[in-house]
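Trainee: I would like to take a close look at one part of this model, and to go through it slowly.

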Amino acid sequence: MRLISALTTALLSVTTSAALAQDAGKVEYMNSCVICHGENGKGHGSLTKLLTVEVPDLTQIAARNDGEFPMLSVIHIIDGRTRIRGHGDPMPIWGQRFKEASAGLGSYESELLVRGRVLALATYLEGIQE
Ligand code: HEC
């Protein structure tokens, strides 16, 4: 019985933190990504008129990858380890931008914050797959 309740608590906390990460990711998304990727992730943000590169539909990432959401690749695209045309010069690399935003913190805290923000964004994108 005790084991079951411990398991339930553990499961609940996992679900809660996933939900929290999704909420935080949505806030980040609305702040930084909507302008190009659009509110629903399908592209058509207001800046797209000025872009020469096509903005991909972010709700179809899993569908384009045989139904599996490529979490690690998406993290690397967001933090800039995988350079893509739309996020590179002159557009910001998000990992770098988040790092600059946490400049007042120590390097460990800053690294945690940057990773947290990138992970929240990736979790949010995973949640909007169709
Ligand atoms: C200035 C416009 C712009 C902004 C702002 C922007 N993106 Fe992008 N994004 C693009 C373009 C353009 C591409 C496609 C680039 C290419 O094909 O090389 C892209 C591609 C992506 C991809 C790869 C999708 C795929 O299927 O390959 C992901 C993931 C992504 N963006 C996430 C984000 C996130 C998360 C944010 C906000 C933190 C963001 N983008 C902000 C323009 C933007």
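At what angle do helix α4 (residues 94-101) and α5 pack, and how far apart are their axes?

Mentor: Keep in mind that this is a predicted model, in which local features need pLDDT of at least 70 and side-chain atom pairs count only at pLDDT 80 or more, while totals for chains, interfaces and linings use all residues. Residues are numbered from 1 along each chain as its sequence is written. The mean pLDDT (the predictor's confidence in each residue, from 0 to 100) is 85 for the chain, and 84% of its residues reach 70 or more.

Helix α4 and α5 (helices are DSSP runs of H or I, at least four residues, numbered from the N terminus) pack at an angle of about 135 degrees, with their axes 9 Å apart; axes are lines fitted to C-alpha atoms over the stretch in contact, and angles run from 0 to 180 degrees between N-to-C directions. The two helices are therefore oblique to each other, since angles under 35 degrees count as roughly parallel, over 145 as roughly antiparallel, 65 to 115 as roughly perpendicular and the rest as oblique. The crossing of α4 past α5 is right-handed (the near helix is turned clockwise from the far one by less than a right angle). W94, G95, F98 and K99 of α4 meet S110, V114, R117 and V118 of α5, where contact means C-beta atoms, placed from the backbone, within 7 Å. By class, this contact has four nonpolar, two polar and two charged residues (Ala, Val, Leu, Ile, Met, Phe, Trp, Tyr, Cys and Pro are nonpolar, Asp, Glu, Lys and Arg charged, and the others, Gly among them, polar).

Helix α5 (residues 107-127) also packs with helix α3 (residues 71-79), at about 130 degrees and with the axes 9 Å apart, which makes α3 oblique to α5. This crossing is right-handed, and its contact joins M71, V74, I75, I78 and D79 of α3 to V118, L119, L121, A122, L125 and E126 of α5. Those residues divide into nine nonpolar, no polar and two charged.

Note on methods
Contact = placed C-beta atoms within 7 Å.
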